[in-house]
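Trainee: I've got a model open and I'd like to talk through its pocket and its core. Can you pull it up with me?

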Amino acid sequence: MTVIPWPRKIRAVGNTAQVGSRRPAAASERNAADDLADMAATLIESRQTHLPKRLGAPAPNPAQLANILSAAAHAPDHRQLLPWRFVLLPEASRPQLAEAFAAALRERDDAATEVQQTQAREKAYRAPLLLLVVVDGERGDPEVDLHERLASAGCAVQNMMLMATAQGFGSALTSGKALKAEALRGLFGLAPSELALCFLSIGTVLSRKSARPRPAAQAYVSTLDAERGVVPGF
């Protein structure tokens, strides 16, 4: 298990910035900011998707899980609605989820074979730590539309995945038609205003694939030029 190290200078900055003249303090703060930026870049670039079938025990321990869940609270949340929540699925509840997956398959395909239903059930047992991500489209202020709520949920999930990465775990998001099925919605007691957005899987990486190439910023960034309109790049 690879754990992302924390730079020592970041731990010490609270003390060193208060000692000596203003010039050394400013330099120390700049160094700490550089260290923090380097750490953030290392962490973000280290995160990659590891599918649930590639994740195994051990799962995060209670303290590590608490860190992962607490990271979600630092996502942007317009008007502090807390429009998202997470449902943990411990091992004892996996058979119920398995049957919900099989029922969801039958809902959309009444000719589904027993083999196909068994394959659907198997998905419930992958990854040692599994959570359902739920977004409420109506909680709190109705002027905050669903797009903002989904963006907030995405940030919360990314924070959790980055914390999992920092602690040496792999993670993945999975979705599918089963998330809209009445069988699954009934299992989780979802309100009419709630969406089952995705599952978040976390565990120890059992096998790794090569990291996929990432696009350069120029591929997805443009600039609104005062004279030429929207132009590529930045």
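Trainee: Which helices and strands each supply at least two residues of the lining of the largest pocket?

Mentor: Keep in mind that this is a predicted model, where local features need pLDDT of at least 70, side-chain atom pairs count only at pLDDT 80 or more, and totals for chains, interfaces and linings use all residues. Residues are numbered from 1 along each chain as its sequence is written, and side-chain values use heavy atoms, leaving out hydrogens and water. Helices (H or I, at least four residues) and strands (E, at least two) are DSSP runs, numbered from the N terminus. At least two lining residues apiece come from H4, helix H5 (114–122) and E5.

Trainee: Is Arg121 buried or exposed?

Mentor: Arg121 is found in helix H5. Buried means under 20% relative accessible area, exposed over 50%, partly exposed in between (1.4 Å probe, protein chains only). Arg121 has a relative accessible area of 17%, so call it buried.

Trainee: Which side chain does a polar contact of 3.0 Å join to that of Arg121?

Mentor: A polar contact is a pair of N or O atoms within 3.5 Å; within protein, one must be able to donate a hydrogen and the other to accept it, and residues adjacent in sequence count only if both atoms are side-chain atoms. For Arg121, the partner at 3.0 Å is Glu99.

Trainee: Which element gives the largest share of the largest nonpolar core?

Mentor: A nonpolar core is a set of buried Ala, Val, Leu, Ile, Met, Phe, Trp, Tyr and Cys residues joined through side-chain atoms within 4.5 Å. The largest has 21 residues, with Leu97 and Phe101 among those with the most contacts inside it. Helix H4 (94–108), strand E3 (129–136), helix H7 (182–188) and strand E5 (194–205) each supply at least two. The largest share, 5 residues, comes from H4.
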